[in-house]
Every structure is written in structure tokens, then in C-alpha cells.
Number of protein chains: 2
Amino acid sequence: MTTSDRVEIAAIGPQRPRVLEALRAEFTLHEIAATDDVAAALGPAAGRVRGVVTSPMIGVSTKVMDALPNLEIAALFGVGLERTDLVAARERGVVVTTTPVLYEDVADLAVVLALDVTRRVTEADRWLRTGKWAAGGQFPSGHRFSRKRAGILGMGRIGRVLATRLAAFGMDVRYFDPKPATDVDYPLYPSGVELARDSDFLFLCAAGGPGQRNLVDAEMLSALGPQGVFVNISRGWLVDEDALVEAIVSGTIAGAGLDVFEDEPNVPQALRDADNVVLLPHIASNTEETRRDMDDCMVDNVRSWFAGNGAVTPAT
Amino acid sequence: MTTSDRVEIAAIGPQRPRVLEALRAEFTLHEIAATDDVAAALGPAAGRVRGVVTSPMIGVSTKVMDALPNLEIAALFGVGLERTDLVAARERGVVVTTTPVLYEDVADLAVVLALDVTRRVTEADRWLRTGKWAAGGQFPSGHRFSRKRAGILGMGRIGRVLATRLAAFGMDVRYFDPKPATDVDYPLYPSGVELARDSDFLFLCAAGGPGQRNLVDAEMLSALGPQGVFVNISRGWLVDEDALVEAIVSGTIAGAGLDVFEDEPNVPQALRDADNVVLLPHIASNTEETRRDMDDCMVDNVRSWFAGNGAVTPAT
């Protein structure tokens, strides 16, 4: 088989060696950096590229699709669709795939964030390491985690796994979702604000669609209240970050566990100075096991498509 | 009622205002610091004291019982019995009570320690706060928590609650206990070393009795292995701390979550310098809700005893 017989694929932005090697074994692979001008970066190959692999944070916009007239499949590493135009893709017959193998890790991170903030784990570790225990200090009490009320914003696949975990801690789970889940028994609330008002923990698990910017705002945080803990393992732009910072600093809420931020990797200094928050660098799916599963899932989608067997995990 | 009609009680070591107020309302209360010479600290009152409240870390030794010839009840704030001579107490007709209302908090702390070490939460928070994310760094991957093998050393009340929590994460729970639990279905291992060899997480939940010093030693840690995480929410003296430090620093095990240490509040500097550990200042039951429940439980035992209704939660 000569190179010209091979299907041509573009990797936009970095991929791990496991992915690059698997793709190179079957396809002609063009590696380019994340760019606003995919056409220029690919040059004449742009007209031949039939598949793309990229991250959801880069995404496949209409502009990218314009630059790749023969694109058939866009395989994303992750599940976020906020930078990929699914409607435009459908119109052009481009199949978009995600890697729906990360739900457990994301739900687990939500649990540890909530537990950590409530029991003051990261704060206590910091306190101990700086020698305050050895100097005779008494670390202040945290709060009990078990048997509290957990509000889940967005009862999708992550929300469901999370609910199962929380139930084992005796948590009373309730949720809000604009599309009510017909197959779960947890009480559905009529709005996020009403959910927050009746929750000790508010977990943001929404997938994040159009019109959802600042879904969590000052009103919802105020409803959560001074004993409430907010956890975000979804997307930073779904939260009014200024309102969140204000709520954390002023005691409007008790604290927060945050894996995502509005302008990553920048985290407001007021949060970095706060003791009642745990701040993570977007690692909800960042485990060796899951990254490997996501790599394989993304590659399998491309392989399966060009073997004529269709996509394995198309986005819906 | 004159003071001399009142039952006299000694509080050895500090108690919180809630406890002091409740006891003063009904009893003549003598407050003394933790001391090796209770007789001297109490003076002539020693012969009149019929009840003691204290912490398990101070305990009620035979020497204390010798100093208090009319002691009827020793009420401990907590469940540890390593510094209280239960056999001697029985011989003298002294009832010892504990506060068995902390199991959920302790089990929850074990979960968060295991999750935190595995997902590198406290480490990532430290990394982010020092500006490494904003500077363009990529935080390394942690490991998946779900669906791993959890070994529980000591299937008592804490171990059972912990097992229920872990099962909700798809964990495969197994245990070792010199007294096999007849009412649980988890596989029983013939020894701690064999348990460690087949576990990704080793949770030390033993109550800690005579002859158990250094129950967890170099051999057991070596059996746990380089992917294994050790969690201790029990007692520091049950672990060979030198062997544990060596295992953590050398990579014999992947990491550890530790709430207790051999010589509290002193924590070896090698641990305080390590990134693969989470170090807590003995806070497993330190939540406002549970401390209040423990306060009330301790006071209720003393009250009930002197009202002629017996102890509420005697140690067995």
C-alpha cells in the first residue's frame, strides 16, 4: 500500500504517543497545533483529510469543517461538546464521536471534592505540614458528610453514577434537570434555585449546552446558603465565577470544590488565598487507566469508521 | 441540696464547655489537667470522686483507679481503650463507657484519604496554588479509584461502615480479622500479609489491643506493593512508622493517607516532605456534629449511672 492509498487524518493539538502510534499504523497522520486556521496549517492536505482527532476544549467548529471539505469523522478525546458544532456537523454528514468512558472518574472526583471540603482535608494537611500541629495547635472541627442532602444539577450519566456513590453515605439525593430523568427515583426539583435551597451539597454535573452560561449564579449560591458546599466537575463557564468568588470569600456558602474554572489555567487569586476551597487543575478524568481507555476509544472510533463499521460512540 | 450532697466527678484533661456545664448542673466537678499523679492533683477530693470523664488518649490506668478508691464509672470521649485497663476496671467494679457514635465520620475519613491519595487531590491543590498550572504546567495523572480491591484490616464497626461505602465505588472488599465476622459476606483472608498482597488499598481499622504494636510492618507494606495505598484511621502505634516512612519514600508502596501517628503531634519530616501522602492531625471524628454527639453520649453515661439506670454505652 502506498502512502497515497491511505486515509488521511489530522490530529489537531497534542495527542499521547499511544494514539499517534495507533493512528500512524493505519493512516497518514498530519499533526498540527491548535490553531484558528486549520486550512493554512494543513496546506494542500486539507482537501484530503477525512478524519480529525482533537480535544473537546479545541473542538470542531464550522470553520474547521469549512477547511476540511472531505471530513467524515471528528473524534473527540472527552465528552464536552461546547466547542463543536453538532448541528452543523450533522448537516454536513460529519459524525462526531466522544469517549464516554470517564463517568466513574468524574463522579469519584466530585465525591472526594465534597468530602475534602466538608472534612477540611486539604486544609488540615497544609496546616499540619507547616508545623502547626507539632507546635501544639488544635485543628478546628469540620462537618459530618454522611446523611446530608445532596442536590445534583444535571442528572446525566455522571450525575447518576454520583448519586449511587452518595447514597452509600446515607445521602438524601435530589436533582434538577431541564430534561427530567424518567428512569431514576430521586425527587426532581422545579429549578436549580429551589434545589440549592434544600441541599447541603450542590453538585454541578450539567453537560453544558447553549444558553447555559452562568447557570449557577449569585441567586443560586445564596439559596445554597452558609452551610452549603458547591462542587463543580463540569465546566467553569457554567458558573458566574465572580459571584462564586464573592460567595466563598464572604461566607454566603461554606466552601467549594472546583475542578474547572472560567479562564483555565487561570484561577482567581482570591480562591488561591482561600482555605475553604479545594482547587484542582481540571483532572476529573485524569487517571492513567481512564486516559488509556479514552485514547483507545477515540482511536477505535476512527478505525471502525474507516473499516466501514460506523462509529462506536457517536455523540447524540 | 448542699454541695456535700452532690456526687463528685473529676474531669481529667480538657473538656468542652457543653460537657462542663452539663456536669456542673448535677455534680460537683473537679477539673484537673492530665497528670501522672491524679491523687495529688485532686487532694482530699480523691477519696470522694465517684466518676471520671476523660479522653482515651489519657485513659484510666490502674494507677488512676488506685488514686480513686470510690470510683464507679469512667466515661471516655471516644472509643480507644489502649490506655484504660478494662480488666482491672472490671475487677474493681468500675464501669468504663465509650462514645460509639463516631463510626460514620471515621469511615468517611478513610474513604476521603484513599480517594485523595489515589486521585492526587491535595497534591494537585498545592501544585495549582503555587501557580504551576497558570505557568503552563500539566499535572501528572493519578489513578482510578473505582472497581479496585480494598483490603480491610479489622472488620469491626468502622470496617463495616467503610465496606458499605467502598462497595458503592464498585470496590471488591476483602478483610482480615483475628476474630472473623460471622455476619458479613466479604472474603476473609488468613493473614494481614496475604490480604495486603491481594489489595490495591489497605485500610487499617483495627481497634488495637495488647500485642498489636507494629501490626503493620515492612513485610505487610512490601506485600501491598508499589501500586498499593495504605490508609490509617486507627492508631499510629499499630504501625511500624519507620518501615512506613521507608516504604513511602522508596516507592515500596504508592502512597498513604494517615490520620494518626506514633508520636502525635510529631510527624516525621520525611512524611511532611512527601507528595504521595495526605497527613491529617487526628481528625477522624472531629466534626461539629459528632463531637456534640460524643459530648452528649459521655455525659448521658455519667448521668444515667448516678440516676441508678446503669451505663448507656459500656465498653465490652
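These legends accompany three close-up views of a predicted model.

**View 1. Chain A and chain B as two copies.** Let's start with the pair of chains. A turn of 180 degrees, with a shift of 0.0 Å along the axis, lays chain A on chain B at an RMSD of 0.0 Å. The two copies are therefore related as by a two-fold rotation axis. Both copies use the same surface, as 100% of the contact residues of chain A recur in chain B.

**View 2. Helix H1 of chain A beside helix H12 of chain A.** Here we move inside chain A, to H1(A) (residues 17–26) and H12(A) (residues 288–306). Their axes come within 9 Å and cross at roughly 20 degrees. Because angles under 35 degrees count as roughly parallel, H1(A) is described as roughly parallel to H12(A). The crossing of H1(A) past H12(A) is right-handed. On the H1(A) side, look for A:Arg18, A:Val19, A:Ala22, A:Leu23 and A:Glu26. H12(A) brings A:Arg292, A:Asp295, A:Asp296, A:Met298, A:Val299, A:Val302 and A:Arg303 to the contact. Sorted by character, the residues of this contact are six nonpolar and six charged, with no polar ones.

**View 3. An aromatic pair of A:Trp127 and A:Phe139.** Over all chains, the structure holds 13 aromatic pairs, and this view picks out one of them. The rings of A:Trp127 and A:Phe139 sit 5.3 Å apart, centre to centre, with 65 degrees between the planes. That arrangement is edge-to-face. A:Trp127 belongs to helix H6 (residues 121–129) of chain A, while A:Phe139 lies in the loop between H6 and strand E6 (149–153) of chain A. The two residues are twelve residues apart, and their pair links distant parts of the chain.

Conventions:
Residues are numbered from 1 along each chain as its sequence is written. Chains are lettered from A and ligands numbered from 1 in the order in which they are written. This is a predicted model: local features need pLDDT of at least 70, side-chain atom pairs count only at pLDDT 80 or more; totals for chains, interfaces and linings use all residues. Side-chain values use heavy atoms; hydrogens and water are left out. Copies are superposed by least squares on the C-alpha atoms of residues with pLDDT of at least 70 in both. Contact means heavy atoms within 4.5 Å. Axes are lines fitted to C-alpha atoms, for helices over the stretch in contact, and angles run from 0 to 180 degrees between N-to-C directions. Helices (H or I, at least four residues) and strands (E, at least two) are DSSP runs, numbered from the N terminus. Angles under 35 degrees count as roughly parallel, over 145 as roughly antiparallel, 65 to 115 as roughly perpendicular and the rest as oblique. A crossing is left-handed if the near helix is turned anticlockwise from the far one by less than a right angle, and right-handed if clockwise. Ala, Val, Leu, Ile, Met, Phe, Trp, Tyr, Cys and Pro count as nonpolar, Asp, Glu, Lys and Arg as charged, and the others, Gly among them, as polar. Rings of Phe, Tyr and Trp (its six-membered ring) pair if their centres lie within 6.5 Å; planes under 30 degrees apart count as stacked, over 60 as edge-to-face and the rest as tilted.
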